[in-house]
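Thanks, everyone. I will take a few minutes to walk through one structure, starting with ring pairs and ending with the helices.

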Amino acid sequence: MQDFFRTAVPVLIVAAGAFSIVCSLKGYRFFWEHRRAQFMVRLIGYTGTKIFYITLGIALVVIGIMMLMVGIPADAQPIHNS
């Protein structure tokens, strides 16, 4: 099960990044009419929002690919601050 999550999480991150890039470039209504997207459009304008979502998508794709390439150590434990 742990191997599944090592692969599935990075693949989902790459998919989310690709989704953000494609929706920004194609201008799908459901994407641009969402209230959070509308907030960004009011804040930084349509072109700025488009650049933001494309940059976000590229960052997610790069992070996901790096996670696939490097992997997560089998003995990785969460950090607990005591």
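Let me start with Y28, which is partly exposed, its relative accessible area being 36%. A word of caution before going further: this is a predicted model. F30 is exposed, with a relative accessible area of 53%. Those two residues belong to the aromatic part of the story. The count of aromatic pairs comes to 8. In one of them, the rings of Y28 and F30 have centres 5.9 Å apart and planes at 20°, so this pair is stacked.

Now a second pair. How are the rings of W32 and Y53 arranged, stacked or edge-to-face? Their centres lie 6.1 Å apart and their planes are at 80°, so the answer is edge-to-face. This pair links distant parts of the chain, with W32 in helix α2, residues 29-32, and Y53 in helix α3, residues 35-70. Along the chain they are 21 residues apart. On accessibility, W32 has a relative accessible area of 7%, and because buried means under 20%, W32 counts as buried. Y53 is buried as well, at 13%.

The ring pairs also join up. F19, Y28, F30, F31, W32, Y46, F52 and Y53 are linked by them into a cluster.

Next, the nonpolar core. Which residues make up the largest one? There are 6 residues in all: C23, F31, W32, A37, M40 and Y53. Two elements, α2 and α3, give two or more residues to this core. The largest share comes from α3, with 3 residues. W32 and Y53, the edge-to-face pair from a moment ago, are both members of this core. C23 is another member. Setting aside neighbours within four places in sequence, C23 is in contact with Y28, F30, F31 and W32.

That brings me to helix α1, which covers residues 2-26 and includes S20. S20 is buried, with a relative accessible area of 5%. What does the side chain of S20 reach? It reaches the backbone oxygen of Y53, at 2.8 Å. If neighbours within four places in sequence are left aside, the contacts of S20 are F31, Y53 and G57.

Also in helix α1 is P10. P10 is buried, at 0% relative accessibility. Its C-alpha atom and that of G64 are separated by 4.4 Å, although the two residues are 54 apart along the chain. Again leaving aside neighbours within four places in sequence, P10 is in contact with F5, G64, M67 and L68.

Last, the charged side chains. Side chains of opposite charge can pair when their charged atoms come close. How many salt bridges does the structure hold? It holds 1. The partners are E33 and R29, and their closest N and O atoms are 3.1 Å apart. R29 is exposed, with a relative accessible area of 62%.

To recap, keep two places in mind. One is the pair of W32 and Y53, which links helix α2 to helix α3. The other is P10 in helix α1, whose C-alpha atom is 4.4 Å from that of G64. I am happy to go back to any of these residues on the screen.

Note on methods
Residues numbered from 1 in each chain as written. Predicted model: local features only at pLDDT ≥ 70, side-chain atom pairs only at ≥ 80, totals over all residues. Heavy atoms only, no water. Salt bridge = Lys/Arg side-chain N within 4 Å of Asp/Glu carboxyl O. Buried < 20%, exposed > 50% of the residue type's maximum accessible area, 1.4 Å probe, protein only. Phe/Tyr/Trp six-rings, centres within 6.5 Å; stacked < 30°, edge-to-face > 60°. Helix = DSSP H or I, 4+ residues; strand = E, 2+ residues; numbered from the N terminus. Core = buried A, V, L, I, M, F, W, Y, C linked by side-chain atoms within 4.5 Å. Contact = heavy atoms within 4.5 Å. Polar contact = N/O pair within 3.5 Å; in protein donor to acceptor, adjacent residues only side chain to side chain.
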